[in-house]
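The exercises below concern the fold, the core and selected local features of one protein. Each task sentence is followed by a worked solution.

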Amino acid sequence: MSALAKASGALKSVDYEVFGRVQGNGGLRGVLSVVSVLALIVLSHYFPNQYTEQEAKKLGVVGWVKNTSQGTVTGQVQGPEEKVNEMKSWLSKVGSPSSRIDKTNFSNEKEISKLDFSDFNTRY
């Protein structure tokens, strides 16, 4: 078991998809995901992955984020329940400085016994 899991008690995983509009991108839509609640090359246009990765690492959650061909951002986030919930809030309400989040869908939210990832990364 990882040090994160030992120190934090219950672990949670959640999948996500973020829909929104980013200023200056001609109305392109974007979606975001983190922790099975944890972005994509396109992410840099809609919901810059650097911000998503930064926030995930700041909170101490693991997973991935990716841009989709439909112009959304998806991902998975895993970690201590409290931290996953903080990431969910960030994905739903904050995002990158130039983004506008229309909605965020979360799915497959569950308690897990161990982390499937060792870091938070952008997938291409």
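**Exercise 1. Overall fold**

Task: Establish how many helices and strands the protein has, and in which pattern they follow one another.

Solution. In this predicted model, the secondary structure comprises four helices and seven strands. Following the sequence, these elements are arranged as α-β-β-β-α-α-β-β-α-β-β.

**Exercise 2. Burial and surface**

Task: Determine what percentage of the residues is buried, and what share of the exposed area carbon and sulfur atoms supply.

Solution. Step one: the protein has 124 residues, and 51% of them are buried. Step two: the exposed area is about 6100 Å², of which carbon and sulfur atoms supply 46%.

**Exercise 3. The largest nonpolar core**

Task: Identify the residues with the most contacts inside the largest nonpolar core and the element that gives the largest share of it.

Solution. The largest nonpolar core contains 15 residues, and the most contacts inside it belong to Y16, V61, V77, M87, L91 and F120. Two or more residues of this core come from each of β1 (11-22), α3 (49-59), β5 (73-80) and α4 (81-93). The largest share is that of α4, with four residues.

**Exercise 4. Geometry and sides of α4**

Task: Check the span of α4 against its number of residues, and decide how its buried residues lie around the axis.

Solution. Step one: the helix α4 has 13 residues, and the expected span is 1.5 Å times one less than that number, therefore 18 Å. The end C-alpha atoms of α4 are 18 Å apart, in agreement with this expectation. Step two: the buried residues of α4 are V84, M87, K88, W90 and L91. Because they cover an arc of only 160° around the axis, they lie on the same side of α4. Step three: the exposed residues E82 and K93 are carried by the face of α4 turned away from its buried side. After α4 comes G95, with a positive phi near 65°.

**Exercise 5. Aromatic rings and charges**

Task: Count the aromatic pairs and find which rings have a lysine over them.

Solution. The count of aromatic pairs, with ring centres required to lie within 6.5 Å, is zero. The charged end of K88 is placed over the ring of F106, 5.0 Å from its centre. K103 lies over the face of F19, 4.9 Å from the ring centre.

**Exercise 6. The setting of G60**

Task: Locate G60 and classify its exposure.

Solution. G60 is situated in the loop between α3 and β4 (62-67). Its relative accessibility is 29%, so G60 counts as partly exposed. G60 and G79 are separated by 19 residues in sequence, and their C-alpha atoms are 7.3 Å apart in space.

Definitions and conventions: Residues are numbered from 1 along each chain as its sequence is written. This is a predicted model: local features need pLDDT of at least 70, side-chain atom pairs count only at pLDDT 80 or more; totals for chains, interfaces and linings use all residues. Side-chain values use heavy atoms; hydrogens and water are left out. Buried means under 20% relative accessible area, exposed over 50%, partly exposed in between (1.4 Å probe, protein chains only). Accessible areas come from the Shrake-Rupley method with a 1.4 Å probe; for residues, only the protein chains shown count as cover. Rings of Phe, Tyr and Trp (its six-membered ring) pair if their centres lie within 6.5 Å; planes under 30 degrees apart count as stacked, over 60 as edge-to-face and the rest as tilted. A charge sits over a ring if NZ of Lys or CZ of Arg is within 6 Å of the ring centre and within 35 degrees of the ring normal. A nonpolar core is a set of buried Ala, Val, Leu, Ile, Met, Phe, Trp, Tyr and Cys residues joined through side-chain atoms within 4.5 Å. The arc is that of the directions from the helix axis to the C-beta atoms.
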